[in-house]
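User: Hi, I'm new to reading protein models. Could you walk me through this one?

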Amino acid sequence: MNKTLLIFLLGTLATAGQAETTSPGHAHEETSPDTALTAEPPHDSHEEEDHDEHGAHDNHKTADKHGHDEHSDENHDEDEGDDHGGKDHEEEGGHDEGGHEEGGHDEGGHDEGAAATLTGGQMALADIQVKALAPQSVDYSLYAPGEIMSNGYTSFRVSPRVPSVVLRRHVALGSHVKQGQPLVTLFSESVAQAQADYRRAWPEWQRVQKLGPGTVGEQRYISAKADLEAAEATLLAYGLTSEDLKALQTQKTKALGEYTLRAEIDGSVLADDFEQGQRIEAGAPMITLADEKELWVEAHLPADRSLALPEGTRAEVVTPNLRVPAVVSQEAHTIDPVTRTRTVRLLVDNQSHRLHPGQFAEVFFQFSTEKPVLAVPEGALMRGADGDWTVFVEDHPGEFKPIEVELGRSLGLLREISGIATGARVVTEGAFFVASQIAKGGFDPHNH
């Protein structure tokens, strides 16, 4: 029973296999029904069927693979086309974008790229002043701190020429004295010896001179004369005057050793640093006299300032309650080692005695440009976005744009400029307001 059932099943399977081999999808596998029923064992038929099924599966896989490869190739071509197109598009877009940026750069490089438009009300409120730029001759001044000093060329320092003791003073600080007026009386042993020598030499010379060289002999005549001249020179060197010598000749002088120092010039006592009874060494300053009718003013300028200030350059000296003219008299060729400044000396007339040595003052040197220049107020200059100096030019009524300029000399409150056309209407007042309006116009809160 089981064997019969097995044979029936095998036959059925063989018939089904023959039908498949004769079908269009498997035309290459030709097997007759008889062979399928008699030639193959049941087990081998089963294996062949499985092999056939696997072959069909492999063929299907091959076909699928071929189709997939074709599809992949097609997709690859399409991708390459897309990539090439995308690349071209990207390059084209990048080129366009670069061109756009370059165009933006060119536009920003021009002055008209940044401008401000103001209404009449805004201009009036900000007090904006516009002036056509034209060459002009400029009178300007240069400031320097200064100090009023006594004129060293007309001042006089009183001091003993030999060690002395102060006996009496005859003037006080601030006194106005006349030439020849007694200042201080001193005592000195050296002066006493010189006075004694003069007292002996004077009568001897008188006798010898009266007798003559023929009587007294040539040698004695010369010796007497030399002794008198030496004694006289010594006393004059010690500070005595011709009047003091005449008093010695009459033998009616005061005690030997006493002598008086007198004023050599008309002036004022600026210092009297001594006390009565004090011993003063030779050369030590006791009294300073100065003629205050003409004083010095020493102005201190930066050492790096290249400025010619020849003799006769005009200036004005200003104190809290006085303004007086002055002229340059000298210029130092060295730099002060302490203040590192350059000293310029001026002369100022002080006939009214309203200026005094030791006062501080402001000095304003007066200049004029040799030829007309383009100049604007310092307040008209503003820093641009790139840090360069600019002025604002009115292109149309109410419309202002920055123009870069080069700075020249400082002319007091004005500054010489170049790089701008003559006749340009420049903002001379209110430039800061215009700059702020341009800055607000160029600010993008979204970073666009």
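Analyst: Let's start with a definition: two strands pair if DSSP finds at least two bridges between them. Helices (H or I, at least four residues) and strands (E, at least two) are DSSP runs, numbered from the N terminus. This is a predicted model, where local features need pLDDT of at least 70, side-chain atom pairs count only at pLDDT 80 or more, and totals for chains, interfaces and linings use all residues. Residues are numbered from 1 along each chain as its sequence is written, and side-chain values use heavy atoms, with hydrogens and water left out.

User: Okay, which strand is joined to β1 by 2 bridges?

Analyst: β1 covers residues 116-117, and its partner runs antiparallel to it. A116 stands opposite F400, which sits in that partner. The partner covers residues 399-404 and is β20.

User: Which residue in the turn of the β19 and β20 hairpin has a positive phi?

Analyst: β19 (residues 389-396) pairs with β20 in the antiparallel sense over 6 bridges, and one of the bridge partners is T390 with E404. The hairpin leaves 2 residues between the strands. The one with a positive phi, about 85°, is G398.

User: Now the open sheet of 4 strands: which strands stand at its edges?

Analyst: The sheet has the order β8-β7-β5-β10, with antiparallel pairing. Two of its strands each have a single partner strand, so one side of each is left without a neighbour in the sheet. Those edge strands are β8 and β10.

User: How many bridges join β5 to β7?

Analyst: β5 (residues 164-169) also pairs with β10 (residues 279-280) over 2 bridges, and S164 stands opposite I280 there. Towards β7 (residues 182-187), V166 stands opposite L186. The number of bridges between β5 and β7 is 4.

User: And which residue in β8 does V184 stand opposite?

Analyst: β7 and β8 pair in the antiparallel sense over 5 bridges. Opposite V184, you'll find L261.

User: On to helix α7. Why are its buried residues on the same side?

Analyst: Buried means under 20% relative accessible area, exposed over 50%, and partly exposed in between (1.4 Å probe, protein chains only). The buried residues in α7 are A224, L228, A231, L235 and Y238. They sit on the same side of α7 because they cover an arc (taken from the directions from the helix axis to the C-beta atoms) of only 100°.

User: Which exposed residues are on the face turned away from the buried side of α7?

Analyst: What covers the buried residues of α7 includes α5 (189-211), α8 (242-249) and β8 (258-262). The face turned away from that buried side carries the exposed residues E218 and Q219.

User: Which helix supplies the largest share of the largest nonpolar core?

Analyst: A nonpolar core is a set of buried Ala, Val, Leu, Ile, Met, Phe, Trp, Tyr and Cys residues joined through side-chain atoms within 4.5 Å. The largest one has 32 residues, and L183, M286, I287 and L289 touch the most other members. β7, α5, α7, α8, β8 and β11 (287-290) each supply at least two residues of this core. The largest share, 6 residues, comes from α5.

User: Last one: what percentage of the residues in the protein chain is buried?

Analyst: The protein chain has 9 helices and 23 strands, with 448 residues. Buried residues make up 29%.

How values were computed. Contact = heavy atoms within 4.5 Å.
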